[in-house]
Amino acid sequence: ILQCEEGHCLCSACYGRIYVSPETGCPTCSASLGHIRCRFAEEMRDRFLRGGGQHHAQGTSGGSSRPAAAAAVPKQGSVKAAASKIGVSIEDLRAVMAREG
């Protein structure tokens with residue numbers, strides 16, 4: 001997932017369709033696109049896909065051997081907050097997360 005200089009996100013498929021040069025403008029604000037990864041959106045996508053959108057408790061009675069990062073799957077509210085922060089709808093964020101897998 002990539003972003004413009006102002007932080008508007010584009011999935012790699014959309015980015016590939018519109019990127020021509022570093023001066024290519026963002027479709028939202030016309031700022032330069034460059035090639036800037038949006039690690040926050042990538043992390044949210046990965047957490048959401050890893051947990052199927054369900055929140056899992058970090059501690060289990062069986063003593064989970066999963067790393068802490070794998071246990072930190074976002075709640076529905078976190079996905080909504082992430083979508084709001086990056087300026088997209090929840091449905092669009094879910095579609096990008098599913099497509100980028």
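**Figure 1. Val79 in helix H4 of the predicted model.** Helix H4 covers residues 76-86, and Val79 is one of its residues. The side chain is not left open to the surroundings: Val79 is buried, with a relative accessible area of 2%. Ile90 follows Val79 by 11 residues in sequence. In space, the C-alpha atoms of Val79 and Ile90 are 7.0 Å apart.

**Figure 2. The largest nonpolar core.** This core has 15 residues. The members that touch the most other members are Ile1, Cys9, Cys38, Ala41, Val79, Ile86 and Leu93. Three helices each give two or more residues to the core: H2 (39-51), H4 and H5 (90-100). Val79, shown in the previous view, belongs to helix H4.

**Figure 3. Contacts of Ile86.** Neighbours within four places in sequence are left aside here. The residues then in contact with Ile86 are Gly7, Cys9, Phe40, Ala41 and Leu93. Cys9, Ala41 and Leu93 are also among the core residues that touch the most other members, as is Ile86.

**Figure 4. A second core, apart from the largest one.** This other core has 7 residues, including Leu2, Tyr15, Cys26 and Leu33. Two of these residues, Tyr15 and Cys26, appear again in the views below. Tyr15 has a relative accessible area of 6%, and for Cys26 the value is 4%. Both therefore fall under the 20% cut-off for a buried residue.

**Figure 5. Cysteines without a disulfide.** A disulfide is a covalent bond between the sulfur atoms of two cysteines. How many disulfides does the structure hold? The count is 0. For Cys4, the nearest cysteine sulfur is that of Cys29, 3.8 Å away. For Cys26, the nearest cysteine sulfur is that of Cys4, also 3.8 Å away. Neither Cys4 nor Cys26 is in a disulfide, because a disulfide needs two cysteine sulfur atoms within 2.5 Å. Cys4 is buried, with a relative accessible area of 2%, and Cys26 is buried too, at 4%.

**Figure 6. The aromatic pair of Tyr15 and Tyr19.** The structure has 1 aromatic pair. Its two rings belong to Tyr15 and Tyr19, and their centres are 4.9 Å apart. The angle between the ring planes is 15°. The pair counts as stacked because this angle is under 30 degrees. Are the two residues buried or exposed? Tyr15 is buried, with a relative accessible area of 6%, whereas Tyr19 is partly exposed, at 28%.

Conventions:
Residues are numbered from 1 along each chain as its sequence is written. This is a predicted model: local features need pLDDT of at least 70, side-chain atom pairs count only at pLDDT 80 or more; totals for chains, interfaces and linings use all residues. Side-chain values use heavy atoms; hydrogens and water are left out. Buried means under 20% relative accessible area, exposed over 50%, partly exposed in between (1.4 Å probe, protein chains only). Helices (H or I, at least four residues) and strands (E, at least two) are DSSP runs, numbered from the N terminus. A nonpolar core is a set of buried Ala, Val, Leu, Ile, Met, Phe, Trp, Tyr and Cys residues joined through side-chain atoms within 4.5 Å. Contact means heavy atoms within 4.5 Å. Rings of Phe, Tyr and Trp (its six-membered ring) pair if their centres lie within 6.5 Å; planes under 30 degrees apart count as stacked, over 60 as edge-to-face and the rest as tilted.
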